[in-house]
Amino acid sequence: ARPWAQSARRTVSALEEQPLSPTLDDGLARIILPARLPFPPVVYRNPAAQPATVGGDGKPRLLILWSGTCPHCREGLRTLRAAEQSIRAAGLEVIALAVDGLAGPTADLSAAYDLIDEVKFPFAWGLVDAGSAERVHRLQAALFDRTPASSVPLGILLDERGDAVAIYRGPFAVEDVLQDWDAIRDSSERQLYHLAPPLQGWWFTNPLGRREVVRLFGQVAGP
């Protein structure tokens, strides 16, 4: 700390010569959650237009929400395609759900199908329904003081039980996801609690137990 003395009064023109830099807020985030959170049911239509549900098979997976008209999503799907071997070696499944059909029966799905064919996407994919997309948004609204905008790409890392353990907003590196999963997969509640903060420090509270987490977020998932 240093003593501060008020400087001479500035004129408006002087302030205009040295404008304040705006705080950068591009929505990007890589977040390890401090507890394994029950993830809401996500329903989608597979490429054969059949209804399906994410999870339920006891496998960890990376869920991606994307759009065929999003340049970052295009690059993200290509990156996942290039890292297929590393992803499968880590024991992770990937499911990429396009949001292009949220407008209903009149939605143009051609960009999503074209992108999947162009990339030769090797993992499961489909079209998420509006209710599921809303539940994912409500989960984030419950987690953060400032509700993030509904945007893609959005990644959710799910463990074997289908609980959310990490969130990736905006473009992300596959290496980061694999590194996070390697740290998370065998972590206890207390270890996961220590992985979550982005800065060094000490806790003065204990992590929430599974029962408390389920109680707090049980209403978020919705029907």
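**Note on the sheet and cores of the predicted model**

1. In strand E5, Val94 is the bridge partner of Leu62. That pair belongs to the contact between E4 and E5, two strands that run parallel and are joined by six bridges. The structure is a predicted model, and the points below should be read accordingly.

2. E5 also runs parallel to E6, with four bridges between the two. Here Ala98 has Leu127 of E6 as its bridge partner. To get from E5 to E6 the chain passes through helix H4 (residues 110-119), and this β-α-β crossover is right-handed. As for exposure, five of the six residues of E5 (residues 93-98) are buried, so the strand is mostly covered.

3. The wider arrangement is an open sheet of eight strands in the order E1-E8-E7-E4-E5-E6-E2-E3, with mixed pairing. Strand E1 (29-38) and strand E3 (51-53) are the edges; each has a single partner strand, so one side of each lacks a neighbour in the sheet. From one strand to the next the twist averages 30°.

4. An antiparallel pairing is found between strand E2 (residues 43-45) and strand E6 (residues 124-128), which share two bridges. Within this pairing, Tyr44 has Val128 of E6 as its bridge partner. Helix H6 (residues 174-184) packs on the sheet, where it touches E1, strand E4 (61-66), strand E7 (154-158) and strand E8 (163-169). The direction of H6 makes about 35° with that of E1.

5. The largest nonpolar core has 33 residues, and those touching the most other members are Trp66, Leu77, Leu80, Phe121 and Leu157. Two or more residues of this core come from each of E4, helix H2 (71-82), E5, H4, E6, E8 and H6. A second core, separate from the largest, has 23 residues, including Leu33, Val54, Val136 and Leu158.

6. Which residues is Leu157 in contact with, leaving aside its neighbours within four places in sequence? They are Arg61, Leu62, Leu92, Asp163, Ala164, Val165, Ala166, Tyr168, Val177, Trp181 and Ile184. One of these contacts, Leu62, is the residue whose bridge partner in E5 is Val94. Leu157 lies within the range of E7, and Val177, Trp181 and Ile184 lie within that of H6.

Conventions:
Residues numbered from 1 in each chain as written. Predicted model: local features only at pLDDT ≥ 70, side-chain atom pairs only at ≥ 80, totals over all residues. Heavy atoms only, no water. Pairing = 2+ DSSP bridges. Axes fitted to C-alpha atoms, helices over the stretch in contact; angles between N-to-C directions. Contact = heavy atoms within 4.5 Å. Buried < 20%, exposed > 50% of the residue type's maximum accessible area, 1.4 Å probe, protein only. Right-handed = clockwise from strand over helix to strand, strands pointing away. Core = buried A, V, L, I, M, F, W, Y, C linked by side-chain atoms within 4.5 Å.
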